[in-house]
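Hi,

Here is the structure I said I would pass on. Have a look at it first, and my notes follow underneath.

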Amino acid sequence: SVSYSIPRPVTMSPRQCSDASNGNGDKEVVEFEATPLLDSRISSGSGHDATIASKEKTVVPPPPPLSSASPSMAVPATAALASAMLVQSYLLVGVFPYSGFLAMHLVPSLNEETCGQYAGLIASSFMVGRTLTSFHWGKAADRYGRTFTIKVSLLLSAFFSVLFGLAPTLPLALAARFALGVSNGIVGSIKTIIMEMSHGNKSKETKTMAIVMGMWGYGFLINPAISGYLADPIRQYPDSTFVDVLDSFLNLRAYPFLLPNLAGCLLCTLAYLCVKTHVDETLPEDKVDHFKWSDLIPIFFRRMAIVRKVSSFGLFKHWHVTDAEVQVSEDE
């Protein structure tokens with residue numbers, strides 16, 4: 001080690017402090033082990049080479065890698081999100097195989113040649129509702145949480161799916177189908193969760209996004225077959241004893257298209273349980289606002305906001321006049 005005499009304070013142990021002072025209390029040159037940072041400063045200031053060996057080296061641990069949760073936790077979460085996406089696909093395309101037959105059932109005057117436009121209205125009303133509310137579902141996800149919007153969407157979709165299957169008239173069927181689209185905010189929240197679960201790991205984000213969003217395409221392949229197989233079972237399987245048993249409980253003769261919608265309700269319930277069990281909330285806890293039923297009636301809060309906005313324009317700034325100002329005005 002090399003001895004240096006520097007005017008600035010030096011951190012020493014108590015033993016070094018006792019050795020650094022003699023009997024008269026005078027300070028003398030102290031030998032100490034310089035750190036690499038101090039070594040570089042002194043070497044650059046003195047202009048000569050010095051080699052200082054540090055006996056104690058502080059090992060700085062490397063930063064943690066940019067990765068998400070452990071694979072054992074990521075796999076169930078990915079599977080739960082994939083199931084929710086599969087349900088979303090079923091809710092959209094499940095009606096396609098029987099929409100024309102449903103229109104003829106609800107409007108008896110229609111036939112195979114005139115039911116096309118009504119079948120198109122039934123199929124497209126879902127996307128109309130989803131288009132009008134997708135932005136608001138995004139705001140709800142930023143306020144109440146991503147998993148909250150997914151779970152609420154699945155529960156509402158289960159309810160309106162059954163309501164759609166029980167619709168006795170065409171207007172009610174269109175309203176239920178529209179409400180099914182309004183209550184659906186699954187896709188945007190799923191994409192956000194995948195991005196936030198990856199924690200900047202682009203490779204993992206790409207793989208997870210491909211798996212989950214790929215279920216949308218798989219749903220387009222298998223969901224129409226499932227719903228078409230379950231639609232109007234009385235006519236499709238007239239000799240089936242199992243269908244007769246279901247008819248005695250569900251009245252399938254009056255509601256021939258209830259069965260595929262019950263399947264959609266069951267899928268929504270299963271997906272809800274998977275998301276609730278395996279998907280953690282990715283929105284920071286300090287940013288999550290707890291949902292209150294009063295949030296569904298924002299008009300009461302808007303009134304106060306309107307008054308504040310109007311008063312901020314200065315329309316009422318001359319109303320608050322003091323007595324002194326009134327007296328001055330009268331004297332003038």
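The contacts between α5 and α7 are a good place to start in this predicted model. On the α5 side, the residues involved are Tyr-118, Leu-121, Ile-122, Ala-123, Ser-125, Phe-126, Val-128, Gly-129, Arg-130, Leu-132, Thr-133 and Trp-137. They meet Leu-170, Leu-174, Arg-177, Phe-178, Leu-180, Gly-181 and Val-182 of α7. For a packed pair of helices, the usual description is the angle between the axes and the distance between them. Here the axes of α5 (residues 116-144) and α7 (residues 170-182) come within 6 Å and cross at roughly 35°. The crossing of α5 past α7 is right-handed.

Next, α8, which covers 186-198. With 13 residues at 1.5 Å a residue, α8 should span 18 Å, and the 19 Å between its end C-alpha atoms agrees with that. Its buried residues are Ile-186, Val-187, Ser-189, Ile-190, Ile-193, Ile-194, Met-197 and Ser-198. Looking down the axis of α8, these buried residues fall within an arc of 165°, so they line one face of the helix. That spacing fits the general rule: an α-helix has 3.6 residues a turn, so residues three or four places apart point the same way.

Now for the backbone. Most residues other than glycine have a negative phi, so a couple of places are worth a look in your viewer. After α8 comes His-199, whose phi is positive, near 55°. His-199 sits in the loop between α8 and α9 (202-230), and it is partly exposed, with a relative accessible area of 46%. Asp-232 also has a positive phi, near 45°, and is not a glycine. You will find Asp-232 in the loop between α9 and α10 (233-236). Asp-232 is buried, with a relative accessible area of 14%.

Last, the cysteines. How many disulfides does the count come to? The count is 0. Take Cys-268 as an example: the closest cysteine sulfur to its own is in Cys-265, 6.7 Å away, which is too far for a bond. The cut-off for a disulfide is a pair of cysteine sulfur atoms within 2.5 Å. Cys-268 counts as buried, at 1% relative accessibility, whereas Cys-274 counts as partly exposed, at 30%.

Cheers

Methods
Residues numbered from 1 in each chain as written. Predicted model: local features only at pLDDT ≥ 70, side-chain atom pairs only at ≥ 80, totals over all residues. Heavy atoms only, no water. Helix = DSSP H or I, 4+ residues; strand = E, 2+ residues; numbered from the N terminus. Buried < 20%, exposed > 50% of the residue type's maximum accessible area, 1.4 Å probe, protein only. Expected span 1.5 Å × (residues − 1). Arc of directions from axis to C-beta. Axes fitted to C-alpha atoms, helices over the stretch in contact; angles between N-to-C directions. Left-handed = near helix turned anticlockwise from the far one by under 90°. Contact = heavy atoms within 4.5 Å.
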